[in-house]
Amino acid sequence: MLNLITDVPGLKVGNAQDETVLSGVTAVIFDEPAIASIAIHGGAPGVRDTALLDPEMTVERVDALVLSGGSAFGLDAPGGVQAALRTAGRGFPVGSVKVPIVPGAILFDLLNGGDKTWPRMSPYWELGHAAAEAVATDFAIGSVGAGFGATTANLRGGLGSASCRTAGGFTVGALVAANAIGSATIGSGPHFWAAPYEQNGEFGGLGLPARIETADLDLVIKGAAAPKPENTTIAIVATDAALTKGGARRLAVMAHDGMSRALRPSHAAMDGDLIFAASTGRAGKTPDTRDHIEIGQAAADCLARAIARAVFAAAPAPKVPGAKPAWRELFFNSGVSDTQ
């Protein structure tokens, strides 16, 4: 187990980023078309081709899912992934033509200090194509891909992932670009809200603080004076359990609990917090009712861990105006060993 979403058999992940733009793209490409759905709980989402993920829609499976920075400009990224898949002969057959099915979602990172004065075309189509060509089972987390330019209310965000196996023998994983309106850490200290779900010191092993003060529960958000849509946490959860589209939709809904466990606040009116859920069906057995519940719980736990891992692994930001510090810049000596 790599503690990555790619522990779920049947998918790979690729990242691409532009250091000048301070933004990037992450692509999840399935070895074979996968059942998928979505749950959007934020009030200001940005998406492409997600209507077909509703359980009643005709197309059941997707070839890939894409997370991108760039706000609405980032909606070009799925086109680049789609082009790479078309070259590979992938896609939904329509007569003699194959159309790769590539839903995507974006986060807002346009005001993070990177140079967004690109010429006629945004860079996101090319970043999407590069991410598709870079897919692998093992991949970096932190300041990469769609998380490259991400931030939280007080720290640099990033790309995170985590995985687990359920008691029923199914594998579950999460992948997230953490660009939250709120905070992943408690007050001004190094501890993560997701601490109760941590496994094997994966984000420092600090646990919870000895005491959570009243002030630690105060509202801390981006643009506190006048909140603007400068955020959104977008994620993918996946399992090898065989699910219907309706089952995938329920998995996405349950996984949102992980976002609320790891970020305070989440699902606000001015963010687009959303989760894709996918099933590769590679487990070779059918989940029963208890398995479905356990898979949903595991997905929420994995997502909480992935969010904390994203912030924990983020590298120091480039020296640009208004750059937020990385967790490691402020807290790495807070009882965290060099091996973690």
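Helices and strands here are DSSP runs, helices of at least four residues and strands of at least two, numbered from the N terminus. With that in hand, let us walk through this predicted model.

A good place to start is the loop between helix 3 and strand 11, where Pro265 lies. The peptide bond that leads from Arg264 into Pro265 is cis, and its omega is near -5°. For background, most peptide bonds are trans, and most residues other than glycine have a negative phi. Keep that second point in mind for the backbone angles further on.

**Two pairs of helices**

Helix 1 covers residues 77–87 and helix 2 covers residues 124–133; their axes come within 6 Å and cross at roughly 45°. That angle makes helix 1 oblique to helix 2, and the crossing is right-handed. Helix 1 brings Ala77, Gly79, Gly80, Val81, Ala83 and Ala84 to the contact, while helix 2 brings Tyr124, Trp125, Gly128, His129 and Ala132. Sorted by class, these are 7 nonpolar and 4 polar residues, with no charged ones.

Helix 3 and helix 4 also pack against each other, at an angle of about 35° and with their axes 7 Å apart. Their crossing is right-handed. Among the residues that make this contact are Leu251, Met254 and Ala255 of helix 3 and Ile295, Gly296 and Ala299 of helix 4. Here the classes are 12 nonpolar, 3 polar and 3 charged residues.

**What lies buried around helices 1 and 2**

Which residues of helix 1 are buried? They are Ala77, Pro78, Gly79, Gly80, Val81, Ala84 and Leu85. Their cover includes strand 2, strand 3, strand 4, strand 7 and helix 2. In helix 2, the buried residues are Tyr124, Leu127, Gly128, His129, Ala131 and Ala132, and what covers them includes strand 1, strand 2, strand 4 and helix 1.

**The nonpolar cores**

The largest nonpolar core has 44 residues, and those with the most contacts inside it are Phe192, Val237, Leu251, Ile275, Leu303, Ile307 and Trp327. Several elements give two or more residues to this core, including strand 2, strand 10, helix 3, strand 11 and helix 5. Helix 4 supplies the largest share, 12 residues.

Leu251 is a nice residue to look up in the structure. Leaving aside residues up to four places away in sequence, Leu251 touches Val237, Thr239, Leu243, Ala277, Ile295, Gly296 and Ala299. There is also a second, separate core of 32 residues, which includes Ile236, Ala238, Phe276 and Ala278.

**Positive phi angles**

Now back to the backbone. This table gathers three residues with a positive phi.

| Residue | Phi | Place |
|---|---|---|
| Asn3 | near 60° | segment before strand 1 |
| Asp49 | about 55° | loop between strand 3 and strand 4 |
| Gly89 | about 80° | just after helix 1 |

Asn3 has its positive phi in a residue other than glycine, and Asp49 is not a glycine either. Are these two buried or partly exposed? Asn3 counts as buried because its relative accessible area is 17%, and buried means under 20%. Asp49, with a relative accessible area of 39%, is partly exposed.

How values were computed: Residues numbered from 1 in each chain as written. Predicted model: local features only at pLDDT ≥ 70, side-chain atom pairs only at ≥ 80, totals over all residues. Heavy atoms only, no water. Axes fitted to C-alpha atoms, helices over the stretch in contact; angles between N-to-C directions. Parallel < 35°, antiparallel > 145°, perpendicular 65-115°, else oblique. Left-handed = near helix turned anticlockwise from the far one by under 90°. Contact = heavy atoms within 4.5 Å. Nonpolar A, V, L, I, M, F, W, Y, C, P; charged D, E, K, R; others polar. Core = buried A, V, L, I, M, F, W, Y, C linked by side-chain atoms within 4.5 Å. Buried < 20%, exposed > 50% of the residue type's maximum accessible area, 1.4 Å probe, protein only.
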